[in-house]
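Colleague: I would like to learn how to read helix crossings and chain contacts. Could we work through an example together?

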2 protein chains.
Amino acid sequence: MAFENMKAFFAEWVPKIDRELYSFLERKMEMQTDPFNRRVVEEILRFAKSGGKRVRPVLVVAGYLGAGGEEPERAARASISYELLHNYLLIHDDIMDRDELRRGQPTVWKSFLDHYVKCELERHDAESLAMAAGDLAETYATEALIDAGFDPETTVLAVKELHEIAERTGYGQVLDISLEFLPIGDVREEDVLRVHELKTAKYTLEGPLHLGARLAGAEEDVFKAYSDYAIPVGIAFQLQDDIIGVFGDEKKTGKPVGSDIREGKRTLLIVKAYENATPAQRKLIKAVLGRESATPEEIEEIKDIIVETGALDYCKQLMEKLVEEGVASLRDAPVEEGVKGVLAELAEYIIRREK
Amino acid sequence: MAFENMKAFFAEWVPKIDRELYSFLERKMEMQTDPFNRRVVEEILRFAKSGGKRVRPVLVVAGYLGAGGEEPERAARASISYELLHNYLLIHDDIMDRDELRRGQPTVWKSFLDHYVKCELERHDAESLAMAAGDLAETYATEALIDAGFDPETTVLAVKELHEIAERTGYGQVLDISLEFLPIGDVREEDVLRVHELKTAKYTLEGPLHLGARLAGAEEDVFKAYSDYAIPVGIAFQLQDDIIGVFGDEKKTGKPVGSDIREGKRTLLIVKAYENATPAQRKLIKAVLGRESATPEEIEEIKDIIVETGALDYCKQLMEKLVEEGVASLRDAPVEEGVKGVLAELAEYIIRREK
């Protein structure tokens, strides 16, 4: 599969979305009268420019067109709200996870720490500034959505949709953080899948499609069709992310290999591995999982356990099944045919990608 | 002055606002299906109930009535969005400032730390959970504003107003954090007053009045009148806050005496004191300001310097002048007379209060 429809769709919309996004943030930067806030907005812009595939805003446009929307340029203008929301959540997420790199570049808190090192900025202060930067990006998201200029009835529903999406993602985040407090043996597969549903499936696929549908004034059957596609495919998306996080190529992912293991993330890979592990293997998982100082050798041992216990195969099979289910649901969906093609290819791409 | 109009106005609206606020959060809590999110929403509710004078939501209602609004109960319902925004910002602020107490009760991150101590929750994890709790409260704020049910045109303008308020407060927060990176001798009076304008005057007084005016569909002259009152009085509010923070009674304020000094806050009190200090006094200020481990004796010495250099008198006089200016601006303001009376009393109250 060459993903031709998908590639063409992204090639058409990503540059338009980027132009809107960057000019919005450049305008915000110009408005700052003090050097500190200018620096903070510049940092949000730097972070927004540092990569990312723009899956979410592109899906806002797809969701809009799939539901019969007739002003896709306006939808693209509105779609940057989703990317701004995404930047806001990533900036906070990187503080919470203590990640220093994303997309091969310093995260926002790390960048503040490096930038202000001459003023003896403590780590906590850098985190505070990054937290404030994230909070600012949230206000930008709402503003950008309103300023796209849809009629007031539509705008109110869309703003409500965007905040409901952020709310659900927040619940996913709380659950994700909280599961790390539990001993690994107490974390159940259904808990992990619930986090994936809230934090990835609803957030990365369903949310953008729903926002687009909302902007197009779609009926409930379109929302349901988007959910039937997005939830299974979105969970598969996260499973592939977890696999890449452990088995991926650091050069391609831009994230250090094993960071999920060092952070103690409760992925299905590790939960399944623990479930099927021998007592000796369980002991090793417990000793390494969540230890920042784990050595490369220890990380390799955990990877071996994930393979030997069948956890990797289990996740891959589940992923295939979920994608199949999601793609099948498109067949009779009340969605424009061209958009169906893009969504079907995206689902396949998701489980083939390497970063 | 017995503040009769003000007291009656607060006595009428605070219970209604509280009822709306608590039932909103209780509903959110009931909706949670996992114990972790239930615990987080419960914590937001606990924090919302832990006190606070409800100045901001009450001023939303005042701003609405002052601009001729005719559905004050609906405005009260919308006003809880401001209190939710406030809780969101306070939860984040307490993480940034590492404050363990607010209103005599544990702050949210501290409460998570205490609650989850049996799972060996690290401080950073408690901060992460609190950050996520704050992010959730932000989504609640927008939802509550939309759900108050004003017509779509008004709702869009109000949501935009609320996010512009949060944006400006964010710039104030960035400036506030950043000034702490500068040596005390490099911080200018105008920088400090700019933070007060953004973080307090616009946020605590102008913002609520403007949101109320927006909900009432007011003309621009009403917004201007509210600003002419709110900016000077709001700066005075912060100056009094700073004075209470250093010279207040811990039992009344619920915050440990000297915490502003230990945190290294760039208040006008300390900036003015440094400006007028002798070389020996400057040395002492530099040694104590921002040192978490400063002793009670050292805090007392700094307090003496603030008095001896005339910084305390300077702030008090500036405060009186600002309140006079704000109250005088009300005379010809196109605002309903009863509300003018409440605002005038509030301005006087602000500089007399002890907590």
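Colleague: In which sense, left-handed or right-handed, does α5(B) pass α6(B)?

Modeller: Note that this is a predicted model. The crossing of α5(B) over α6(B) is right-handed.

Colleague: At roughly what angle do the axes of α5 and α6 of chain B cross?

Modeller: Helix α5 of chain B covers residues 108–115, helix α6 covers residues 123–147, and their axes cross at roughly 130°. The axes come within 8 Å of each other. Angles over 115 degrees and up to 145 count as oblique, so α5(B) is oblique to α6(B).

Colleague: Which residues make that contact?

Modeller: From α5(B) come V108(B), W109(B), F112(B) and L113(B). The α6(B) side includes R123(B), E127(B) and L129(B). By type, eight residues of this contact are nonpolar, two are charged and none is polar.

Colleague: And in chain A, how do α12(A) and α15(A) cross, left-handed or right-handed?

Modeller: Their crossing is right-handed. The axes of α12 (268–276) and α15 (311–330) of chain A come within 8 Å and cross at roughly 130°, which means that α12(A) is oblique to α15(A). Among the residues that meet are L268(A) and K272(A) of α12(A), with Y314(A) and C315(A) of α15(A).

Colleague: How is the size of an interface often given?

Modeller: It is often given as the accessible area lost when the parts come together. Here we can count residues: 38 of chain A are in contact with 38 of chain B. On the chain A side, α7(A) gives the largest share, 16 residues. That side divides into 20 nonpolar, 10 polar and eight charged residues.

Note on methods: Residues numbered from 1 in each chain as written. Chains lettered and ligands numbered in written order. Predicted model: local features only at pLDDT ≥ 70, side-chain atom pairs only at ≥ 80, totals over all residues. Contact = placed C-beta atoms within 7 Å. Helix = DSSP H or I, 4+ residues; strand = E, 2+ residues; numbered from the N terminus. Nonpolar A, V, L, I, M, F, W, Y, C, P; charged D, E, K, R; others polar. Axes fitted to C-alpha atoms, helices over the stretch in contact; angles between N-to-C directions. Parallel < 35°, antiparallel > 145°, perpendicular 65-115°, else oblique. Left-handed = near helix turned anticlockwise from the far one by under 90°.
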